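User: I want to learn how to read helix packing and burial from a model. Can you take me through some cases?

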Amino acid sequence: MRYLPQTQKSRAEMLAAIGVASVDDLYRDVPKSAFIQGYARIDNHKGELEVERILGAYANENQPAGEGPFFLGAGCYNHHVPASVDYIIQRSEFLTAYTPYQPEIAQGTLQVIFEFQTMIAVLTGQDIANASMYDGATAAAEAALMAMRVTKRDKVVVGNALHPHYRETLATYIGNQSGAVLTEGQPDPQTACVIIQTPDFTGTPHALAEWRKLCDETGALLVVVVNEIVSLGLLPAPVEADIVCGEAQSVGVAMSYGGPHLGFFATKEKFLRQMPGRLCGMTLDADGKRGFVLTLNTREQHIRREKATSNICTNQGLMALAFTVHMALLGEGGFKQLARLNHEAAILLADSLAKVPGVKVINKCFFNEFVVELPKSAASVVRELAQQGVIAGYPFEDNRLLVCATEMTTDTDIGIFCEALREVL
Amino acid sequence: MVAERKIETIEKASSMNMMDQTRGLNYEENLLWEKAPGDHPGVDLPAPQNSTLRTGLAARSTVGLPQVSEPQVLRHFVRLSTKNYSIDHGFFPLGSCTMKHNPRLNEKVARMPGFAHIHPLQPESTVQGALRVMYELQNILGELTNLRGVCLTPAAGAHGELAGLMTIRRAHELNGQGHRKVILVPDSAHGTNPATAAMCDYTIRVIPTKDGGRVTVEAFKEALYANGGDGKDVAGMMVTNPNTCGLFEREIIECADLLHKAGGYFYCDGANFNALVGKIRPGDFGVDVMHINLHKTFSTPHGGGGPGSGPICVNESLRAYLPSPVVVQDKDGSYHLEGVDERPTSMGRLKGFQGQFGMHLRALAYILSHGADGLKQVSEDAVLNANYILSQLKEDFYVPFAGPCMHECLLTDKLQKDVGVTTLDIAKTLIEHGMHPMTVFFPLVVSGAMLIEPTETESKESIDRFITVMKAVAADVKSGDTAKFHDFPLSAPRRRLDETKAAREPVLRWKA
């Protein structure tokens, strides 16, 4: 009961002031049949120590990165987060604030969103970015829906190897629109957009000039998905795109078994009013001081209701803060250096795995992850290595394994991985 | 003095040395890009040793990020933080948002390495503890709602609404009812309800509630059987209960019965579950599917706009159509994430991975802490606090719908508006008095709405202070002392901001 400040005395005083005998009198509009006397499987309250022990025991049943060599990526990445990031996001003023609907007392959150929008715009080579999306997969789905609104067409084309979960999420979202089609291949004159992931799901980075040309010829929008945002410190900015969206978990956000992560969404200025999600803009207050507000909300559900560009409301504010703090620490120099270190670790991993008998590196090009072909079932290799404390990667297509290296990967980790592979192959 | 000079353009305001306007503990803070760039960043990384590239593309030369040291970064964000109001500062009666205390135990638990540093695609044998957390939360939410099919994937309330409506749609499609295209929504609904229905390609039919603030059987029948129909074009209804006027829908069971007879499903927006949790189960008043805002009822922090988490709970008739994945327990006792390919009738995948796991953990820590007895007290105190406010302010402000209310109470500015003091002025006056305003101008069914949700984590003392300030506002307006209200706030980090300018001349990013 430690979270409840009312006392028996204060409750009695308040009931008297209201003029009712008991709190149940206040529930008199509720049908009697809806009340429950107790719950079979929910205990009574517990102290902090007890809760910590219960959940601590569950935590100990897991095998986290950091306890052993770790080579899993596939849309969620194991990166270092500086200590300052977690300190800042745990400040009450950020952690326990609401969406900044009262801008006079929310300038902290608002300026952070403005800085986040600027960082995403700069990284993606786009004009503008919103205040965040749930994750990369839903950002990609919203991009497809926006392209359908802009072009008034209903065909969405996946142009290359898109993360399979993104593909499934797209199918769910697109499937809601009657007449909408989701397909693979190249854009044609009925196409709303073509979606290109870079680096793609298998780790290969893509040049975009040819896709831009195809889009110009057909009138389709070019949607570029990036789910390893650190790659933008080494790969060219996708300036050719009409929309760049994806996952920014890699900067500042823990893997946390799949969430909360950080979707981002950037586009060209001409599409501003078709964009989903919240936007923060700069303005002046009554004294002429610079300040920030949520703006252009006539696109949003609380004003437009069924005519809104999206139903998104709460997004990933605190994760956007974590990203902004981490990116501020990295800065221009640190971010590019981090990208280099990731690439360098992946090169070392590729060269080491190539020397393991039976292992074939498939990618010619990659950023920090790539595919290897194994002489046996990749899923069984992953299971066997997990028993030895090595998280080997993402198995797919029977004998293929998607592996990833980051700045967290040490030479020792790579050595242990290769040795373990030699033993099981 | 610089601070008193009125500036008309953003360019002029930006080019001034903002830091010079700092006074006392009120810090001005410029943008990261406006700081003099340093020689080195705020991290020390090892120097790359290898200059060869295997990306197949040219290396990027410039990104366009700022570059400053660690102490500058810390100071920047700490200063910005001081410009925010938060639940840890004080009273935050934001109706429909349930701004309750956020226990720090939850934060500690979510940061345990065994939870924070596991990957969503790790072999299931290496994440059994995490799956157990999800499985137990699924069961508890199922029990609290009496809707036993639970999927934790949705990322927020609006995402839960989407999941819920798509589950309904999938059920209709697989049962030869795909022609049903209408969703009934009361006019008091959250904006996300019609927006979500539109995303599912549904047509909205509005149930008017303006007269009594509630859905009546009569109004419901008119909507269900509109144009002489038999209700067979209706896929379902979306009703928030308690509703956004703070009232319990008294006739909801009758409406649900009629809807069910016509073949529709009842979706309940769970935004207001805090009035019911531990005491009343939505599955017992006709609900077929409901989303739960873990960031409202179950205390996970709002974080200045997310992350939220919006699990959905459904009854047996809809379980097979839930989104994927869901956590199941296998015969050997181990836990397993059942994916799209194992659940052929599922409506599909909603999100990259299995949901906002960090929020699932925090919610479970909260539920274990409160237990069944504590949760019952939560809803009772929340309802008591709201009714206490209503009882103390009903003479001073207009009450559009008579109480008792549930966990929030609705007032309007009807008694003040005629002399020129509006809901907006009242909100900004609360800011001047060091409180967060209530929800304003929502719900839309009344003019000048003020929706007040104190939550159970406020003491009588803090509620009394709010009541005192509100009574003083009403008294000042009555005595004709109204001019000052238009100027508030005077003491906040910013005065009222020009939102028209922001929308007409959008500046959405920093540019050199």
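Analyst: We will look at a helix pair, then at two residues. Keep in mind that the model is predicted.

User: At what angle do the axes of H5 and H10 of chain B cross?

Analyst: An angle between 35 and 65 degrees is neither roughly parallel nor roughly perpendicular, so it counts as oblique. Here helix H5 (residues 128-145) and helix H10 (residues 357-393) of chain B cross at roughly 45 degrees. Their axes come within 10 Å. H5(B) is therefore oblique to H10(B). The crossing is left-handed.

User: Which residues of H5(B) and H10(B) make the contact?

Analyst: From H5(B), they include B:Val133, B:Met134 and B:Leu137. H10(B) contributes B:Phe357, B:His360 and B:Leu361, among others. By class, the contact has 13 nonpolar residues, one polar and no charged.

User: Is B:Gly164 buried or exposed?

Analyst: Buried means under 20% relative accessible area. B:Gly164 has 0%, so it is buried. This glycine sits in helix H6 (residues 157-174) of chain B. Beyond neighbours within four places in sequence, B:Gly164 contacts B:Tyr267, B:Val289 and B:Ile312.

User: Where is B:Asn293, and what does its side chain pair with?

Analyst: B:Asn293 lies in the loop between strand S6 (289-291) and strand S7 (312-314) of chain B. Its relative accessible area is 3%, so B:Asn293 is buried. A polar contact of 3.0 Å links its side chain to that of B:His291. Leaving out residues up to four places away in sequence, B:Asn293 also touches B:Gly157, B:Gly270, B:Ala271, B:Phe298 and B:Ser309.

Conventions
Residues numbered from 1 in each chain as written. Chains lettered and ligands numbered in written order. Predicted model: local features only at pLDDT ≥ 70, side-chain atom pairs only at ≥ 80, totals over all residues. Heavy atoms only, no water. Axes fitted to C-alpha atoms, helices over the stretch in contact; angles between N-to-C directions. Helix = DSSP H or I, 4+ residues; strand = E, 2+ residues; numbered from the N terminus. Parallel < 35°, antiparallel > 145°, perpendicular 65-115°, else oblique. Left-handed = near helix turned anticlockwise from the far one by under 90°. Contact = heavy atoms within 4.5 Å. Nonpolar A, V, L, I, M, F, W, Y, C, P; charged D, E, K, R; others polar. Buried < 20%, exposed > 50% of the residue type's maximum accessible area, 1.4 Å probe, protein only. Polar contact = N/O pair within 3.5 Å; in protein donor to acceptor, adjacent residues only side chain to side chain.
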